[in-house]
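Work through the exercises below with the sequence and the structure side by side. Try each task before reading its solution.

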Amino acid sequence: MIKRRVNKWMLPALWLLLPAASALAQSGAVSDSVWGYPIAQAAYRQATRSVAGLVSYPLANTGIISLAGHYEEGGLRTGQTPQQHRDITFETEGVRTLQRFRVYGRFTYQRSSQDSLSWSLMGVPDHDRPFYYAARKAGHFERQAYQVSGRVAYTLRPGRLFIGAGATYLYNTAYRTEDPRPAVKNFSLVLQPEFAWQQGRHVTGIMPVWGYGYETNGITYMNDQYRNNFDKYPERRTWMMMGMGYMQPRSTTNQQLDVHFHMLGMGLHHVYRAAQWQWNSRLSWQRRRDSYGSRRDQSLNDAEWGAYTLNSYQLAIHAFNEQRRHLRLEAAHSSGNDRNTYTASPLVPALNAQNYRYRSSSLEAAYGLAGPAGKALRPGWGAALQWRQTGRRDFVTAHELRYAYITPSVYGALYSSGLPPGNRFHLQLQAGMRWPVSQSVTVLPTQQTDFSLDVVYHDYYYWSAKAALLQLDAEYTCGSMIPRVPAGIRLLLGYSHLLQEPDITVPGVREVGRRRVQGVLSFHLYL
Amino acid sequence: MNMQKHTRLLLVGALALLAACSKDDDGQGLQPVSVTVKLALDPQMGNTAIPFKGAVIKISNVITGQSYQDSLTTETDQAAFASVVPGSYDVTVKLRVSAADYEAATGIKADGSVLFSGAASTQAATAPQNTIAITLRTGSGEGNWVIKQVYYAGSDTKDGALFRDQFIELYNNSGQLLYADSLYISQVEGVSKTWENIDFTTGIFTPTGQWDWTKAPGMADAGANTDYIYARGLFRIPGTGTTYPVEPGKSIIIATTALNHKAPYQDASGREITVRNPELTVDLSHADFDVYMGDQPGINPLRSDLNTSKPHLAVILNTSRDLVLDNPGREALIIFRSSANPAGWASFKTPDNLSSGKLKLQMPKSDMNVLDAMEIQPAEQAKRCPKRLPLDLDAGFNFVTDGSYSSQALIRKTQKVEGGRVVLQDTNNSSVDFVTMKADPSKNAFADQ
């Protein structure tokens, strides 16, 4: 079934990849400058998010193929983050214009592995939702993800009306090599039709959003001693989390968790082109409704355990002054509420009430500047300030975690082009800090479990700690390695360091590690 | 529109967004609740003032498995559990009353402490304050036969003996010589479906989830659900009345097949049966009795059911091909004496009237002197099924902690030791009377108090 679905979607995926492939075959005129400057990249990302943005994008054709390796390790992490992460990602994307059509396509294949990941038996990690399987035993995960996304814009009346649609398809598999062993499959499809109109310098698009997806998670054990899920082996027990503290042992050896979600939303996109500046603004709302349960042989006997509704609001304003200046203002808010309807038998009434609440808000402002174009060596600098506040509450076990922090950061950059001719180089050094603003944790003593210690308290201490963040981003593009196809290599190094160790007063809570490092090495072909 | 207007519009949008964000923080979910367990004596004991001090009260959440325990340290009749998860709770209470206190309350002399127990299943506790009433009863005393050990789980499917090595140990819990002759052992019939698989719309189940025997094919007795116990297996120890004496504090072992399951042997088809790990199974070659179905008309016995040299139980009814205890734990056993002739008892198919259904024996309670009973349930919460035994026979149930094929047995706790004789605890509540231990047919295995 799954295989058929993959095959079914491979054809559209290939079709969406066509722009990139076609661009490769066309004349030698390439647009690698899009990828060489972070400001230009940000403009590209904003443009491809909507039909309004796509038809307003000044470049007709551009594309990139990249192969990247990513490594991350360290103890400065939350309780449901792996100690070590590796992935290799193949990605290709681009924009192509064919008469009245403008097409954007992106294909990503990622193979990743994580080590020492506990309290998480999920396919696509999303620990802010209420229902998922978890085990205290840390283990090694292997995951594969295919993502195909694209957008087509068609000009109905030049300079007046545009229609189009976007689509994102995801297929993900995950498994673990220690008991308990989840075998997870995720599928999702999101469609975004859009109607856009132009009035003078303004292009406005209205975009309804519809999405559907599912996750199936079946747990197996190799060791028969563990499979019955008894307390004798507490680390190997599979728990069904039903919030952030309310949890129950997986009730049968063949119980499977099935998640189905439906998404609805609306987005308003606006592009304003002034003489030098281009403004891309987006106001969006999405409602995602997850239903959790277990499928049986007959749909009549399907078990419904609960539902979770997540409303997300986002406002983003980006202003670009060619490739020199970038102003970014973003605000986001998410609000999630569940309804727990789990029942073990007709004699055990369901709670039929809300148990879990999730709230998250963020504000971000950033400004970036690069020296004037035309020079062989251009300096650049930028600054950003992010504020984020998150609150999670589990009602029946009276667990609550709230934290807020700000992340100020600055960067300095150096862009070089034409040294030697056809070659390009950029180096950026960024320094920042995660500065906790407020945090609180509540765990009712009668309800304290291993999960409370390993995740709730640990995350409280993690978010209470100040951390310094350093990042080095270096890229070299060579125009002569492959004829008419610029090729580049990029190295991204990140380092986070704990500045002040939290004073852990609750016994049994794992210490927050002092550091975490990450590195990404990627090779690119610019089309 | 100029730049200023554009910016203004976006700011309005931002403000609207923030306003929307600030409004949705009002929802309140459930809160932890408090549960008060209130104790009372069974009214049948009369108006006696048994002191509840020392009672051990345990409540367990049916969904999460989380349990809370409290002991009464003052003269009160209730225990309060604050800040527990709302939901449904199983409650067990155990109270040991000293002989002096018992005599002071009842005027009856006891030759040792007296045990009381009570239990309740799936009690809802979702209101902020909840009270669960528990009635305490004494057991059937220490003067007769009790079921001491039940090894139903079997041993490992690859390295052990599967369920060929099951056995039941019966114990003379009295101070006098007893004879095992003509003692009946019955496997009680009941619904083996899990709760979620019971379709109440069919009308063949009572609200407790058990069979509604008034709907059984051919049933015309209005008291079908209350006046009888239904057996899917009934066996009788042979003897003339004085053939099998059992000293006080001694046991008899009834095996499925009385063999040393640790050692290789040939089954009925001549095939050699071996176990990879003898430690996982038991030696039943010293069992006192076993069940042999090979001489039963129309029965194709299991190949492991051999005609051993041990005395075989008389088979009144057996719906299995040997003495087979349900190894996931959907089982209830009773031992009783009866002067009636079981041949005169009626038989019925279960109310679901399956074509493959076998007849179950309708045993009139009035013909039975029940000596002991115990109920077993699967270790996994979700696999449990409706209770088979009425509360007056067994107020609770028990299970081996590691479930099927674990080599574990349920064994009755020790109440006291009198002059070297172990007196086993019998409060008519399996939840508090039994514990798990590795199966041991040596007759010398005893659990602590």
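Two exercises follow, both on a predicted model.

**Exercise 1.** Describe the contact between chain B and chain A, going from its extent to its charged pair and then to the elements that take part.

*Solution.* Begin with the residues: the contact draws 47 residues from chain A and 41 residues from chain B. The size of an interface is often given as the accessible area lost when the parts come together, so the next step is the area. Chain B and chain A bury about 4,000 Å² between them, and 62% of this lies on carbon and sulfur atoms. Turning to polar features, seven residue pairs are in polar contact between the two chains, with both residues at pLDDT 80 or more, and the count of salt bridges is one. That salt bridge joins the side chains of B:Asp402 and A:Lys232, at 2.6 Å from N to O. Finally, on the side of chain B that touches chain A, the elements giving two or more residues are α1 (3-23), β4 (78-84), β5 (87-97) and β6 (114-125) of chain B, and α1(B) gives the most, with seven residues.

**Exercise 2.** Find the nonpolar patch on the surface of chain A, and decide whether A:Phe523 is buried, partly exposed or exposed.

*Solution.* The patch includes A:Leu377, A:Tyr476, A:Met481 and A:Phe523 among its residues, which together have about 990 Å² of accessible area with the rest of the patch. Strands β18 (424-443), β19 (467-482), β20 (485-498) and β21 (515-526) of chain A each give two or more residues to this patch. A:Phe523 is placed in strand β21 of chain A. Because its relative accessibility is 36%, which falls between the cut-offs of 20% and 50%, A:Phe523 counts as partly exposed.

Terms used: Residues are numbered from 1 along each chain as its sequence is written. Chains are lettered from A and ligands numbered from 1 in the order in which they are written. This is a predicted model: local features need pLDDT of at least 70, side-chain atom pairs count only at pLDDT 80 or more; totals for chains, interfaces and linings use all residues. Side-chain values use heavy atoms; hydrogens and water are left out. Patches are made of residues with over 30% relative accessible area and no salt bridge: like charges are joined within 9 Å, nonpolar side chains (Val, Leu, Ile, Met, Phe, Trp, Tyr) within 5 Å. Accessible areas come from the Shrake-Rupley method with a 1.4 Å probe; for residues, only the protein chains shown count as cover. A salt bridge is a side-chain nitrogen of Lys or Arg within 4 Å of a carboxyl oxygen of Asp or Glu. Helices (H or I, at least four residues) and strands (E, at least two) are DSSP runs, numbered from the N terminus. Buried means under 20% relative accessible area, exposed over 50%, partly exposed in between (1.4 Å probe, protein chains only). Contact means heavy atoms within 4.5 Å. Buried area is the accessible area (1.4 Å probe) that two parts lose on being put together, summed over both. A polar contact is a pair of N or O atoms within 3.5 Å; within protein, one must be able to donate a hydrogen and the other to accept it, and residues adjacent in sequence count only if both atoms are side-chain atoms.
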